[in-house]
Amino acid sequence: MTKGQFLEQLTKCLKEEYAGTGWDVEYDILLKNNDISKYAVVFSPPGEDNITPTIYIEDYYEDYIAQKKTMSEIVEEIRLLAAEVQKQLPDYKELAFDFESCKPNIFFRLVSQERNKKILQECPFLPFLDLAITFHVVCRHTIRGVETMNVTNMLMNYWQVGTQELMQLAQVNTPRLFPVQLDSLEKMLVRCLTREVESGAEREGDHDSLIHSPLLILTNTKGTYGASVIVYPDLMKKLSDQYNTSFYLIPSSVHEVLLLPEDSKDALEGISLMVSQVNLDYVRDEDVLSDHAYFYDRKENRFLLK
């Protein structure tokens, strides 16, 4: 069974489950980061045009194909999840989407320009090297993370603002909403190794050779779209002054960037190849930012393609 066939059958079963409740259930294919198509079921509560809870089905499909769950079990799981969402509908109704209400919560993300050709046709963006700065609104903070909304061309026109005004707001808001987090590779690996030892799952290997690395890991405290911090005003200048060096920037994903001091450039090619391979083998398609490195020139205070 293909994913499309699974989605159609699942939607049919859900329609039967919700018959007579006033809820409408349809399926949709939504475009996510890097123009990745995601299959989803969309619920429309009675009398609501703007609030449509959406549940992505990729994990359910994998479980079904692997015979871990039956269709009826999946329908029941989604029904319970939708019931939880239904309890939260009053909170969503209180959200205001006029410009004045959204202004303090407008922020930016850094994404691949090449991989997002379709999405970028529908939303305002600013070029940054070969990447793109896109704009979003924080809607709510929940225990599951941060719920956000994309700023589309339609929404920007409704607000009657321009891309530069969005950027000015986002430059102030994003560092406040998503503060910078900088770690050495050593600190990160020590934390990981400590957890391994505590869990009794320590793996064999030359940990020392990994720990003593000049790499720094740059992200945000939320751990989501953390590579965007390199656009924060004066951040790279402050870091280069603090460490007294220019930096190679190696995007390991949209969520973080590796910083390599300029005097370690002999390692650049190997690390860049490693990142390309990791992107190919381990990083989800929607999380890839770039396959090549960038350079921040401390003297000229500017970014360059490498």
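**Exercise 1. Surface and core**

Find how much accessible surface this predicted model has, and what share of its residues is buried.

*Solution.* Start with the outside: the accessible surface of the protein comes to about 17,100 Å². Carbon and sulfur atoms account for 49% of that surface. Now turn to the inside: of the 306 residues, 42% are buried. Then look at the contacts between residues at least 6 apart in sequence: 60% of these join residues at least 24 apart. To finish the overview, the protein has eleven helices and 13 strands.

**Exercise 2. Checking a helix**

Work out what span helix 1 (residues 3-17) should have, and compare it with the distance between its end C-alpha atoms. Then decide where its buried residues lie around the axis.

*Solution.* Step one is the length. Helix 1 has 15 residues, and the expected span is 1.5 Å times one less than the number of residues, so helix 1 should span 21 Å. Its end C-alpha atoms are 21 Å apart, which agrees.

Step two is the list of buried residues: Phe6, Leu7, Leu10, Thr11 and Leu14. They cover an arc of only 130° around the axis, so they sit on the same side of helix 1. Step three is the other side of the helix, where Lys12 and Glu16 are exposed.

**Exercise 3. Walking across a sheet**

Trace the open sheet of six strands: in what order do the strands come, and which strands form the edges?

*Solution.* Read the order across the sheet as 8-9-11-10-12-13, with antiparallel pairing. The edges are strand 8 (180-184) and strand 13 (302-305), since each of them pairs on one side only. On average, neighbouring strands of this sheet are turned by 30° against each other, direction ignored.

Next, follow some of the pairs:

- Strand 8 and strand 9 run antiparallel and are joined by five bridges; here Gln181 stands opposite Thr219 in strand 9.
- Strand 9 and strand 11 pair in the antiparallel sense over three bridges, and Ile217 has Leu258 in strand 11 as its bridge partner.
- Strand 10 (residues 247-253) and strand 11 (residues 256-261) run antiparallel with six bridges between them; Ser253 is partnered by Glu256 in strand 11.

Lastly, look for what lies across these strands. Helix 10 (residues 235-243) lies across strands 8, 9, 10, 11, 12 and 13, running at about 125° to strand 10.

**Exercise 4. Two faces of one strand**

Sort the buried residues of strand 9 by the side they are on.

*Solution.* First recall a rule: in a regular strand the side chains alternate between the two faces of the sheet. Now apply it to strand 9. One side has Leu216, Leu218 and Asn220, and the other has Ile217 and Thr219. These residues are all buried, so both faces of strand 9 are covered. The count fits too: five of the five residues of strand 9 are buried.

**Exercise 5. Two positive phi values**

Asn34 and Gln160 both have a positive phi. Where does each one lie, and is each buried or exposed?

*Solution.* Begin with the background: most residues other than glycine have a negative phi. Asn34 has phi near 65° and lies in the loop between strand 1 (24-32) and strand 2 (36-44). Its relative accessible area is 7%, which is under 20%, so Asn34 is buried.

Gln160 has phi near 60°, and its place is in the loop between helix 6 (153-159) and helix 7 (163-177). With 73% relative accessibility, over the 50% cut-off, Gln160 counts as exposed.

Technical notes:
Residues are numbered from 1 along each chain as its sequence is written. This is a predicted model: local features need pLDDT of at least 70, side-chain atom pairs count only at pLDDT 80 or more; totals for chains, interfaces and linings use all residues. Side-chain values use heavy atoms; hydrogens and water are left out. Two strands pair if DSSP finds at least two bridges between them. Helices (H or I, at least four residues) and strands (E, at least two) are DSSP runs, numbered from the N terminus. Axes are lines fitted to C-alpha atoms, for helices over the stretch in contact, and angles run from 0 to 180 degrees between N-to-C directions. Contact means heavy atoms within 4.5 Å. Buried means under 20% relative accessible area, exposed over 50%, partly exposed in between (1.4 Å probe, protein chains only). Accessible areas come from the Shrake-Rupley method with a 1.4 Å probe; for residues, only the protein chains shown count as cover. The arc is that of the directions from the helix axis to the C-beta atoms.
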